[in-house]
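Here are my comments on the model you sent. They are set out as numbered points, and each can be checked against the coordinates.

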Amino acid sequence: MQETRSSVGLHVNGRRYELEVDHRVTLLDLLREHLGLTGAKKGCDHGQCGACTVLVDGRRANSCLLLAVAHDGTRVTTVEGLGGEGTDGLHPLQEAFIERDAFQCGYCTPGQLCSAAGLLAEAGADPGAADLSRSGIAEAMSGNLCRCGAYPRIVDAVRDVAALSQADAPDRAPGDGRVVA
């Protein structure tokens, strides 16, 4: 008889978990149903809405499309962990979303925040490839849908945090996601 369950070890929001899960369990279902982390939402369950976006080893991913057993040993960050391990504070993106009123119903907000965090991490890792203009951010975030239409404020919030990040990096021109030679 073929085994239908496997052990999987994940680091989620800075904490190590060892779980025995069915091979068919998605990362989204593992987070929500096994770990009680309900920030990532099940929207379309087909990877088309972005409500389930989390960071897997620092990269944006639709957790509804990922089998948990295929991600043994990875580091996962959900919206609950964006503020950092052991901190009670908010991530700068969470603060900017509040300041800019970049949400209405809030259903997409966790995925938007994780996607934006991934985008800014990508920009930090390879500034020459990042377009942090209004249209560049909108394009990079286009995999995250918002039923309420808060897109302009979401882009504004991401731009605010990008500008703060760029101000901390003296080798970049203001408002430009590229390194100045």
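1. Is Asp57 buried, partly exposed or exposed? With a relative accessibility of 48%, Asp57 counts as partly exposed, because the exposed class begins only over 50%. Asp57 belongs to the loop that links β3 to β4 (59-62). Its phi is positive, about 50°, although Asp57 is not a glycine. Most residues other than glycine have a negative phi.

2. Asp45 has a similar entry to check: its phi is positive at about 60°, and Asp45 is not a glycine either. The residue sits in the loop between α1 and β3. Asp45 counts as partly exposed because its relative accessible area is 36%, between the cut-offs of 20% and 50%. A positive phi of about 75° is also found at Gly36, just after α1.

3. On confidence: this is a predicted model. The mean pLDDT of the protein chain is 90, and 90% of its residues reach 70 or more. The exception to flag is residues 172-181, where pLDDT stays under 50. For that stretch the model has 26 contacts beyond four places in sequence. Where pLDDT is low, the predicted coordinates should not be read in detail. I would leave those contacts out of any argument.

4. The overall layout is as follows. The protein chain has five helices and five strands, in the order β-β-α-β-β-β-α-α-α-α along the sequence. Of its 181 residues, 45% count as buried. Among contacts with a separation of 6 or more, 56% join residues 24 or more positions apart. The chain exposes about 9,500 Å², and carbon and sulfur atoms supply 49% of that area.

5. The largest nonpolar core has 27 residues. Those with the most contacts inside this core are Leu82, Leu93, Phe97, Leu120, Leu132, Ile137 and Val158. Helices α2 (92-100), α3 (109-125) and α5 (151-167) each supply at least two of the core residues. The largest share, seven residues, comes from α3. Apart from this core lies another, of 22 residues, among them Leu10, Val12, Leu19 and Leu30.

6. Ile137 gives a view of the larger core from one side chain's position. Leaving aside neighbours within four places in sequence, Ile137 is in contact with Leu119, Asp131, Leu132, Val155, Val158 and Arg159. Of these partners, Leu132 and Val158 are also listed with Ile137 among the residues with the most contacts inside the core.

7. Helix α1 (residues 27-34) has Leu27, Leu28, Asp29, Leu30 and Leu31 buried. The buried residues of this helix pack against β1 (5-12), β2 (15-22), β3 (53-56) and β5 (75-77). Leu30 is also one of the residues of the 22-residue core. Note that the buried set includes an aspartate, Asp29.

8. Gly118, in helix α3, is worth a look. Gly118 counts as buried because its relative accessibility is 0%, under the 20% cut-off. Not counting residues up to four places away in sequence, Gly118 touches Leu55, Gly58 and Arg60. The C-alpha atoms of Gly118 and Arg59 are 5.6 Å apart, with their positions 59 residues apart along the chain.

9. What does Gln48 touch, beyond residues up to four places away in sequence? The partners are Gly143 and Leu145. Gln48 lies in the loop between α1 and β3, and its C-alpha is separated by 8.3 Å from that of Leu145, 97 residues apart along the chain. Despite these contacts, Gln48 is exposed, because its relative accessible area of 60% is over the 50% cut-off.

10. Ala163 lies in helix α5. Ala163 counts as partly exposed because its relative accessibility is 42%, between the cut-offs of 20% and 50%. Its C-alpha is 8.9 Å from that of Leu132, and the two are 31 residues apart in sequence.

11. Last, the rings. The count of aromatic pairs comes to zero. Arg147, however, lies over the face of Tyr107, at 4.8 Å from the ring centre.

Notes. Residues are numbered from 1 along each chain as its sequence is written. This is a predicted model: local features need pLDDT of at least 70, side-chain atom pairs count only at pLDDT 80 or more; totals for chains, interfaces and linings use all residues. Side-chain values use heavy atoms; hydrogens and water are left out. Helices (H or I, at least four residues) and strands (E, at least two) are DSSP runs, numbered from the N terminus. Buried means under 20% relative accessible area, exposed over 50%, partly exposed in between (1.4 Å probe, protein chains only). Contact means heavy atoms within 4.5 Å. Accessible areas come from the Shrake-Rupley method with a 1.4 Å probe; for residues, only the protein chains shown count as cover. Rings of Phe, Tyr and Trp (its six-membered ring) pair if their centres lie within 6.5 Å; planes under 30 degrees apart count as stacked, over 60 as edge-to-face and the rest as tilted. A charge sits over a ring if NZ of Lys or CZ of Arg is within 6 Å of the ring centre and within 35 degrees of the ring normal. A nonpolar core is a set of buried Ala, Val, Leu, Ile, Met, Phe, Trp, Tyr and Cys residues joined through side-chain atoms within 4.5 Å. pLDDT is the predictor's confidence in each residue, from 0 to 100.
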